[in-house]
Amino acid sequence: MNPAPEQHDHRRLGRALDLFDTDPLMGAGLPYWLPDGAVIRHEVEEYVRELERLAGYRHVYSPVLGKRELYEISGHWSHYSDDMFPPMHLGPGADGEEVVLRPSLCPHHALIYRSRAHSYRELPLRVAELGGMYRAELSGVLGGLTRVRAIQLNDAHVFCTLDQAADEARAALRLIRRAYADLGIEAARYRLSLPGAGGKYVAGPAMWERAAALLTEVLDAEGLPYEAVEGEAAFYGPKIDVQIVDRAGRESTLSTVQVDFHQPERFGLEYVGADGARHRPVMVHRSVVGSVERLVARLIEVYGGAFPAWLAPLQVAVVPLSQAQVPEAERCVERFVRAGLRAELVGPERGSLGARIRAARLVPYQAVIGPEEAVDGRVALRLRGGRRLEPLPVAEALAGIGAGVRARSGALWSESPL
Ligand SMILES: [Zn+2]
């Protein structure tokens, strides 16, 4: 039933299923999302926002551009410029200002924190954003949704005391594992990414040591096997990387947890402690599902296009047996849509019943309406995979499907009403 593994390549499936595409005129590494792909993206974004909201995060929006000075302060300018787009020089009307497409969200969040005075009572302060960032990837490595130049990142920064940092990093790691279980993604391995030789990393051996010890403590406390790898840290601190492997066997980082003493120092971040004195917070950077692009690429490959109902671009195909049931089928579609489900009429003009059912084989639910069902307001549900249910009232079908979708369930139908 499932396509062969090579057919699971997200680039091939993304085009075949009309999820996303690229245009040379828009540019390499700048994919656009078609309506069906946009539905999946919207659903995963909403899922992540809810997960974070329940975990005590507050969401912000910040611009995708910043002045060059901002990245000079953060250290990106001197340690990360190879991955950044060249600055844009604004004209004399802007006093010769230079702005940069941001290579990360951290500096913006540090400024948001700094914009208000903080007491120890507010910490940990968890600031989250699903925001755009840019990476000047070389054209040779670009492909599909996994290596792109415009990235929508699921990011957050927890500003906390030193005593809270390990707990916060540990909670972030748990959130990652929870999200993977909910989304059906598997972590291939955990990596403790440490600095390597060369001038890529900011100075401060004591700071690096303290941050690495903290992350090691977190991995050990969670009982997770991991490998320590030198040369994979961020320029400002070590990190825990959650690695995934795609269908072609390529490994990449999806999620990260980082402990950072550098940026709070650079931005002069403070809070007032219980002692009334000023203290420096620690920044825990974390991304639960990484970039939306890479996450959706993974989901496309994991499910081969047969998405769980809550993610499926089309959830219910309403299939009238013949022209005579079309009006009833239209009413049925309207009821599903009004209830917040994605339903569509697949009418007889699209071919025989068998052909229509085959064409909709990736759709989680097919609601077939024949002459008998049309008379007493019922539908015969066929679940993806071929299972058929006894005809049941439209209201019951709607309630059952809706409950599963709202619960983001992986199962298509529960016998006991949810
Ligand atoms: Zn960050």
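Start by selecting Asp95: with 7 C-beta neighbours inside 10 Å, Asp95 counts as exposed. Here a residue is called exposed if 12 or fewer other C-beta atoms lie within 10 Å of its own, buried if 20 or more do, and partly exposed in between, with C-beta atoms placed from the backbone. Asp95 sits in the loop between β5 (88-89) and β6 (98-101). Helices (H or I, at least four residues) and strands (E, at least two) are DSSP runs, numbered from the N terminus. Check the backbone too: phi of Asp95 is near 55°, a positive value in a residue other than glycine.

Two notes before you move on. The model is predicted: local features need pLDDT of at least 70, side-chain atom pairs count only at pLDDT 80 or more, and totals for chains, interfaces and linings use all residues. Residues are numbered from 1 along each chain as its sequence is written.

**Zoom out**

Show the whole protein as a cartoon. You should find 13 helices and 20 strands. Its C-alpha atoms fill a box of roughly 75 × 50 × 45 Å, taken along the principal axes. Of the 418 residues, 39% are buried. Contacts here are pairs of residues whose C-beta atoms, placed from the backbone, lie within 7 Å. Among contacts between residues at least 6 apart in sequence, 70% join residues at least 24 apart.

**Select 205-222**

This is helix α7, with 18 residues. From its first C-alpha to its last, α7 reaches 26 Å, close to the 26 Å expected at 1.5 Å a residue; the expected span is 1.5 Å times one less than the number of residues. Now show side chains. Which residues of α7 are buried? They are Trp208, Ala211, Ala212, Leu214, Leu215, Val218 and Leu219. These residues cover an arc of only 155° around the axis, which puts them on the same side of α7; the arc is that of the directions from the helix axis to the C-beta atoms. An α-helix has 3.6 residues a turn, so residues three or four places apart point the same way.

Turn the helix around: on the other side, Pro205, Ala206, Glu209 and Asp220 are exposed. To see what the buried residues of α7 pack against, add α6 (162-183), β9 (189-194), β10 (226-230), β11 (239-245) and β12 (251-260). Just after α7 comes Gly223, with a positive phi near 65°.

**Select 365-369**

This is strand β18, and five of its five residues are buried, so β18 is largely enclosed by the rest of the structure. In a regular strand the side chains alternate between the two faces of the sheet. Here Tyr365, Ala367 and Ile369 lie on one side and Gln366 and Val368 on the other, and both faces are covered.

Next, bring in the neighbours; two strands pair if DSSP finds at least two bridges between them. Strand β16 (residues 316-320) pairs with β18 in the parallel sense over five bridges, and Val316 stands opposite Tyr365. Strand β19 (residues 378-383) pairs with β18 in the antiparallel sense over four bridges. In β19, Arg382 is the bridge partner of Gln366, and Ala380 is that of Val368.

Widen the view to the open sheet of five strands, ordered β17-β16-β18-β19-β20 with mixed pairing. Its edge strands are β17 (343-345) and β20 (392-393), each of which pairs on one side only.

**Into the core**

Click on Ile369. Leaving out residues up to four places away in sequence, Ile369 touches Val318, Val319, Pro320, Leu321, Gln325, Glu328, Ala329, Cys332, Ala374 and Val379. A nonpolar core is a set of buried Ala, Val, Leu, Ile, Met, Phe, Trp, Tyr and Cys residues joined through C-beta atoms within 7 Å. The largest such core has 96 residues, and those with the most contacts inside it include Leu215, Ala367 and Ile369. Its largest share, nine residues, comes from α6. The core draws at least three residues from each of domain 1 (5-303) and domain 2 (316-406); these domain bounds come from an automatic or database domain assignment.

**Two last stops**

Go to Pro124, in the loop between α5 (106-114) and β7 (125-134). The peptide bond from Leu123 to Pro124 is cis, with omega near 0°.

Finish at Arg408, in the segment after α13 (394-406). Arg408 is not a glycine, but its phi is positive, about 50°. With 16 other C-beta atoms within 10 Å, Arg408 is partly exposed.

Terms used:
Contact = placed C-beta atoms within 7 Å.
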